[in-house]
4 protein chains.
Amino acid sequence: MYWKKQGNRHGAIGPFVVRESMVLGHEASGVVQEVGREVKDLRAGDRVCMEPGIPDPEGRATRLGMYNLDPSVRFWATPPVHGILRPSVVHPSDFTYKLPGNVSLAEGALVEPLAIGVHAATRARVKPGDVAVVTGAGTIGMVTTIAALSAGCAEVIITDVKQPKLKLASTFGSVRPVDVGREDAVEVVKQMTGGWGADIVFEASGSEKAAAGIFELLCPGGRVVYIGMPAGGTVPIDIVAAQAKEARIDTIFRYAHVYPKALRLMGSGKIDVKPMITDTYPFRKGIEAFDYACDPKPTSVKVQIQLP
Amino acid sequence: MYWKKQGNRHGAIGPFVVRESMVLGHEASGVVQEVGREVKDLRAGDRVCMEPGIPDPEGRATRLGMYNLDPSVRFWATPPVHGILRPSVVHPSDFTYKLPGNVSLAEGALVEPLAIGVHAATRARVKPGDVAVVTGAGTIGMVTTIAALSAGCAEVIITDVKQPKLKLASTFGSVRPVDVGREDAVEVVKQMTGGWGADIVFEASGSEKAAAGIFELLCPGGRVVYIGMPAGGTVPIDIVAAQAKEARIDTIFRYAHVYPKALRLMGSGKIDVKPMITDTYPFRKGIEAFDYACDPKPTSVKVQIQLP
Amino acid sequence: MYWKKQGNRHGAIGPFVVRESMVLGHEASGVVQEVGREVKDLRAGDRVCMEPGIPDPEGRATRLGMYNLDPSVRFWATPPVHGILRPSVVHPSDFTYKLPGNVSLAEGALVEPLAIGVHAATRARVKPGDVAVVTGAGTIGMVTTIAALSAGCAEVIITDVKQPKLKLASTFGSVRPVDVGREDAVEVVKQMTGGWGADIVFEASGSEKAAAGIFELLCPGGRVVYIGMPAGGTVPIDIVAAQAKEARIDTIFRYAHVYPKALRLMGSGKIDVKPMITDTYPFRKGIEAFDYACDPKPTSVKVQIQLP
Amino acid sequence: MYWKKQGNRHGAIGPFVVRESMVLGHEASGVVQEVGREVKDLRAGDRVCMEPGIPDPEGRATRLGMYNLDPSVRFWATPPVHGILRPSVVHPSDFTYKLPGNVSLAEGALVEPLAIGVHAATRARVKPGDVAVVTGAGTIGMVTTIAALSAGCAEVIITDVKQPKLKLASTFGSVRPVDVGREDAVEVVKQMTGGWGADIVFEASGSEKAAAGIFELLCPGGRVVYIGMPAGGTVPIDIVAAQAKEARIDTIFRYAHVYPKALRLMGSGKIDVKPMITDTYPFRKGIEAFDYACDPKPTSVKVQIQLP
């Protein structure tokens with residue numbers, strides 16, 4: 001079983017704060033050991049990945065199709081629910097998905113972050129031929145870039161200050177990396193769009209600074225998707241600049257109904273996440289993996305732990 | 001000819017700053033004096049209102065259906081274009097609209113602010129039976145309330161600190177006024193929606209304070225429309241709170257293709273703006289009207305100047 | 001307990017055919033007798049109405065927010081599920097809704113057909129100020145007219161060949177009745193819209209004839225909603241005429257998540273269904289009610305049976 | 001200058017019928033010879049393609065962003081406007097587009113049919129990971145397949161009775177060809193989607209027969225786009241089958257605002273139309289080209305005429 005860690009030393013993401021000992025891990029794949037009597041679509045031996053959140057089918061948001069927003073979702077490694085860095089887990093079959101033949105277990109563990117990118121691209125209502133900017137070339141920026149291209153964007157401009165991440169991102173397809181320490185992203189966008197602006201900006205950095213000039217990047221009637229969660233929660237937004245372009249700002253939280261879509265894109269070869277798997281540790285070196293992930297090589301993206 | 005003033009002493013709205021002498025006025029109705037040879041739909045004597053902005057038909061945003069976002073729009077009383085507080089004006093027939101028989105010239109001059117409310121309600125994609133909150137009971141809050149009700153909202157909760165404005169707004173239909181100095185709007189919304197939250201929040205105050213807790217008012221998957229222009233442009237937004245509900249934030253700038261819709265709603269009797277016309281001055285007392293509008297009675301909403 | 005019958009002698013609606021003895025009735029209201037231990041929102045004595053369909057929360061369509069499309073929905077009076085023309089029924093609290101104080105039990109039984117109209121208006125994405133045509137002034141045409149007006153339509157043009165129905169419908173607000181035996185609906189629409197066409201056409205007749213010229217009524221970019229179920233299922237559609245206007249055709253089946261919205265519209269006074277309740281029979285005269293409904297007075301709309 | 005012909009012997013497409021001598025041709029690319037004084041974005045020598053329709057900027061549909069629906073559009077080779085099979089043409093710069101460096105003149109002439117596919121995919125609101133069916137493997141079916149894949153579809157199932165066309169289409173990416181003479185498309189779709197159905201069906205055959213069972217292919221809540229124009233205009237549609245899935249049916253007519261998007265997709269390498277160019281004739285053999293196109297090889301898709 002594979003597992004992937006978040007490079008977060010602080011034990012909190014947004015309002016969810018770790019206060020007690022907890023099994024970590026929410027990006028998982030593995031092999032089915034046993035299935036319940038009523039399970040029809042899975043059998044022992046199937047290679048699968050799992051959604052880390054189990055919704056309450058009776059929840060109001062769930063019924064409306066938004067199970068990710070239901071407060072009663074039980075989500076791995078989000079207090080008080082334990083995570084998946086363990087040999088086995090009992091999981092509902094409806095949230096367990098067979099991997100296509102061409103998708104490895106290592107790639108299967110990446111469906112989780114990829115689903116965030118695919119959800120963002122879905123919410124953005126990408127039109128074929130759109131130009132998008134992705135701010136931030138971390139894991140989320142990368143999966144968003146991949147998803148945006150698969151969703152119809154003709155070109156993605158990705159911004160960061162870290163050259164190695166930008167270099168990797170630029171291998172994903174029609175991607176223009178912008179090192180914002182050296183280049184002005186607004187100028188690049190203007191040049192590439194004849195002064196019009198990008199159709200979509202995906203904010204994937206969570207950085208207040210990156211978000212500051214976000215509407216200058218945008219075309220009239222453009223859309224912004226806030227994926228990154230700013231550390232402090234609140235950031236200054238230039239409402240008047242947004243209004244001058246009638247920007248529509250979507251915000252997303254995890255994903256809903258996206259795993260089957262993401263797996264289909266991987267199965268059909270439209271999405272390849274392999275370049276993002278840069279480091280793999282065996283389970284017995286798990287502590288080492290965490291230490292490494294806190295201070296990784298600049299070329300490192302996803303650090304995976306392989307269970308025995 | 002009627003005309004209506006904005007209570008703004010500072011000579012600026014967002015990035016548009018008055019630096020030279022300028023004729024004011026952008027909310028206008030009147031009677032057609034003469035029409036050009038190719039004009040078919042209008043004739044001398046027709047009672048009309050006019051859109052204050054004349055788009056460039058060749059502009060890229062105009063072509064895409066968003067003429068309000070075209071930088072080359074020429075908009076009355078927005079520097080350097082003079083406004084309409086004058087006896088006559090030459091105006092394109094395509095942006096001049098006949099008033100329905102039941103709509104007076106005084107009401108016709110209110111189509112302009114009403115169009116902002118109708119545009120906001122259109123962009124919000126109101127579903128029939130939605131519950132909306134409108135923050136701010138100024139002119140824009142009032143037209144938004146009226147428009148939201150006409151657009152399908154079953155109930156509107158309007159917030160302000162001014163009792164007389166709230167009192168007037170509560171006569172518009174199924175409106176629950178909330179004096180935020182005495183009541184907690186979040187509690188009112190929770191109580192009215194069984195804890196679920198409002199489907200839509202229209203931010204019509206431009207106030208940083210009103211916008212602060214905006215996502216607490218909202219239901220999962222809800223929508224926010226920023227209509228008010230914050231004085232400083234930039235306001236702090238709690239992105240993480242928005243994300244927890246996957247809020248969609250629309251921003252609007254004036255309106256496009258809305259006048260015919262607004263007039264139809266007035267003509268059919270679904271919208272009545274008469275209660276908003278609280279003060280009328282003859283043109284020769286125009287200065288007095290401006291002075292009054294800077295320090296109006298608490299019950300005053302729209303101050304109109306009637307041309308000879 | 002109230003109940004309302006469908007005037008259908010043939011024992012079938014679309015693919016659902018009655019082949020065995022069955023309790024009829026799917027439009028119901030009543031008073032709660034007893035609640036289960038975990039029910040929090042209802043108590044004995046509450047006046048309520050109920051959705052006739054109980055979805056399977058684990059169904060795939062249900063999860064996506066479309067429980068009406070789930071084949072495992074159990075729907076009253078749709079074979080093999082018995083209907084509601086009986087003294088009591090056990091029903092899930094999640095699909096049982098308290099009536100607002102101003103809504104009578106008789107009106108509560110009309111939420112079911114109203115929900116179809118509200119669902120149609122929701123799917124149509126009515127914009128405030130739209131002009132709609134409703135073809136057919138039967139029950140469904142009437143609830144659609146009411147719903148369309150509440151959803152933002154400034155005007156509804158309703159067509160039929162039956163004068164008494166048209167007369168009643170014209171009392172619902174800004175409604176223009178068109179007796180298609182005497183007037184040409186296309187001409188009326190052209191005249192009312194300056195030649196542009198209606199924004200929306202709601203097909204509520206199920207009649208092949210009414211549907212024949214449907215796109216002539218429509219404006220460029222307009223929408224059609226097929227609510228009526230044609231007896232034979234299949235009708236000829238002029239695809240090229242639709243394409244010339246890039247018509248979008250929505251089809252609906254019952255409703256989902258609409259009851260709370262419909263009740264809120266009734267509670268706020270925006271929707272009044274009382275004029276549609278034209279005939280009431282006590283339960284002991286139930287057979288008589290059915291006989292009457294097969295050959296009603298021309299002014300008859302809804303025939304209700306009142307349970308003891 | 002390149003030019004491509006439609007294989008239509010009858011001189012009519014939908015309501016547009018050729019009654020007099022007319023220059024044919026509406027799919028064109030070429031080299032700019034001269035530009036007007038106010039043209040800024042183009043210069044002599046630029047390789048370009050042109051939109052065949054010139055909208056009236058003052059038309060109502062044009063203003064709303066739908067210039068394709070404006071009756072006053074002047075469209076090449078649509079009576080009474082002559083087409084482009086001639087050495088030169090005066091054309092507005094706003095509807096003349098520079099070809100990206102990697103796009104040949106031959107490919108540039110294919111932007112026109114491609115734009116139809118991109119428009120269809122845009123209207124369909126493809127979500128990333130969707131499964132689509134395209135009925136018909138003619139030119140329009142092929143460009144739709146290409147566009148649907150570029151727009152986010154993970155897989156396209158294309159149906160036809162002609163093996164050579166299906167074979168070519170299956171080289172466009174993740175495409176499953178279905179020879180409906182030998183296989184049941186409904187069964188293929190069910191198998192590929194676990195019984196759920198396709199998210200989208202693009203009707204690109206114009207054939208009544210292909211359209212007959214269209215809703216059986218579809219998933220609940222799915223979308224159908226009618227691209228093909230049935231010869232007789234009207235076809236039988238199974239409304240009740242559509243309703244059971246709440247199918248949304250979009251119809252399209254040409255395209256609007258799509259050329260820049262299509263060119264960007266070609267420029268970025270996401271779309272390659274070269275395999276569709278199967279036959280090229282010099283201008284002096286133009287008649288021969290037309291004769292051939294009326295009775296082409298089974299492997300023939302687009303027959304181009306190259307001007308001197």
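# Reading the chain contacts of a predicted model

Analyst: This is a predicted model. B:Lys261 forms a salt bridge with C:Asp130, and the closest N and O atoms are 2.5 Å apart.

User: How many salt bridges are there between chain B and chain C?

Analyst: A salt bridge pairs a side-chain nitrogen of Lys or Arg with a carboxyl oxygen of Asp or Glu within 4 Å. Between chain B and chain C the count is six salt bridges. In addition, 14 residue pairs are in polar contact, both residues of a pair being at pLDDT 80 or more.

User: Which elements of chain B give two or more residues to the side that touches chain C?

Analyst: Those elements are α3 (111-123), α4 (139-150) and α9 (259-267) of chain B. By class, this side of chain B holds 10 nonpolar, seven polar and eight charged residues.

User: How many residues does each chain bring to this contact, and how much area do chain B and chain C bury between them?

Analyst: The contact takes 25 residues from chain B and 25 residues from chain C. Chain B and chain C bury about 1,900 Å² between them, with 54% of it on carbon and sulfur atoms. Within chain B, the residues that lose the most area to chain C are B:Pro128, B:Lys261 and B:Arg264, which together make up 34% of what that side buries. B:Lys261 thus appears both in this list and in the salt bridge with C:Asp130.

User: What rotation superposes chain B on chain C?

Analyst: A rotation of 180°, with 0.0 Å of shift along its axis, superposes chain B on chain C at an RMSD of 0.0 Å. The two copies are therefore related as by a two-fold rotation axis.

User: Why can one say that these copies meet through the same surface?

Analyst: The reasoning compares the interface residues of the two chains. Of the interface residues of chain B, 100% are also interface residues in chain C, so the copies meet through the same surface.

User: Where is A:Lys261 found in chain A, and is A:Lys261 buried or exposed?

Analyst: A:Lys261 is found in helix α9 (residues 259-267) of chain A. A residue counts as buried when its relative accessible area is under 20%. The value for A:Lys261 is 17%, so A:Lys261 is buried.

User: Which residues is A:Lys261 in contact with, apart from its neighbours within four places in sequence?

Analyst: Those residues are D:Pro128, D:Gly129, D:Asp130 and D:Asp199. With D:Asp199 there is also a polar contact between the two side chains, at 3.4 Å.

User: How should the contact of chain A with chain B be read?

Analyst: The same kinds of values apply here. In this contact, 40 residues of chain A meet 40 residues of chain B. The area buried between chain A and chain B is about 3,200 Å², and carbon and sulfur atoms give 61% of this area. A:Trp196, A:Gln243 and A:Glu246 supply 23% of the area that chain A buries against chain B, more than any other three residues.

User: How many salt bridges and how many residue pairs in polar contact are there between chain A and chain B?

Analyst: There are two salt bridges between chain A and chain B. One salt bridge joins the side chains of A:Glu246 and B:Arg123, at 2.6 Å from N to O. The count of residue pairs in polar contact, both at pLDDT 80 or more, is 25. The elements that give two or more residues to this side of chain A include α1 (60-63), α3 (111-123), β13 (218-226) and β14 (234-238). The residues of this side divide into 22 nonpolar, 10 polar and eight charged.

User: What is notable about the backbone of A:Glu246, and where does A:Glu246 lie?

Analyst: Most residues other than glycine have a negative phi. A:Glu246 is not a glycine, yet its phi is positive, at about 45°. A:Glu246 lies in the loop between α8 (239-244) and β15 (248-251) of chain A, and is buried, with a relative accessible area of 5%.

User: What is the phi of C:Arg254?

Analyst: Phi of C:Arg254 is near 55°, again a positive value in a residue other than glycine. C:Arg254 is found in the loop between β15 (248-251) and α9 (259-267) of chain C. At 18% relative accessibility, C:Arg254 counts as buried.

User: Where is there a cis peptide bond in chain B?

Analyst: Most peptide bonds are trans. The bond from B:Pro79 to B:Pro80 is cis, with omega near 5°. B:Pro80 lies in the loop between β7 (74-75) and β8 (96-98) of chain B. In chain D, a cis peptide bond joins D:Pro79 and D:Pro80, with omega about 5°.

Conventions: Residues are numbered from 1 along each chain as its sequence is written. Chains are lettered from A and ligands numbered from 1 in the order in which they are written. This is a predicted model: local features need pLDDT of at least 70, side-chain atom pairs count only at pLDDT 80 or more; totals for chains, interfaces and linings use all residues. Side-chain values use heavy atoms; hydrogens and water are left out. Helices (H or I, at least four residues) and strands (E, at least two) are DSSP runs, numbered from the N terminus. Buried means under 20% relative accessible area, exposed over 50%, partly exposed in between (1.4 Å probe, protein chains only). A polar contact is a pair of N or O atoms within 3.5 Å; within protein, one must be able to donate a hydrogen and the other to accept it, and residues adjacent in sequence count only if both atoms are side-chain atoms. Contact means heavy atoms within 4.5 Å. Copies are superposed by least squares on the C-alpha atoms of residues with pLDDT of at least 70 in both. Buried area is the accessible area (1.4 Å probe) that two parts lose on being put together, summed over both. Ala, Val, Leu, Ile, Met, Phe, Trp, Tyr, Cys and Pro count as nonpolar, Asp, Glu, Lys and Arg as charged, and the others, Gly among them, as polar.
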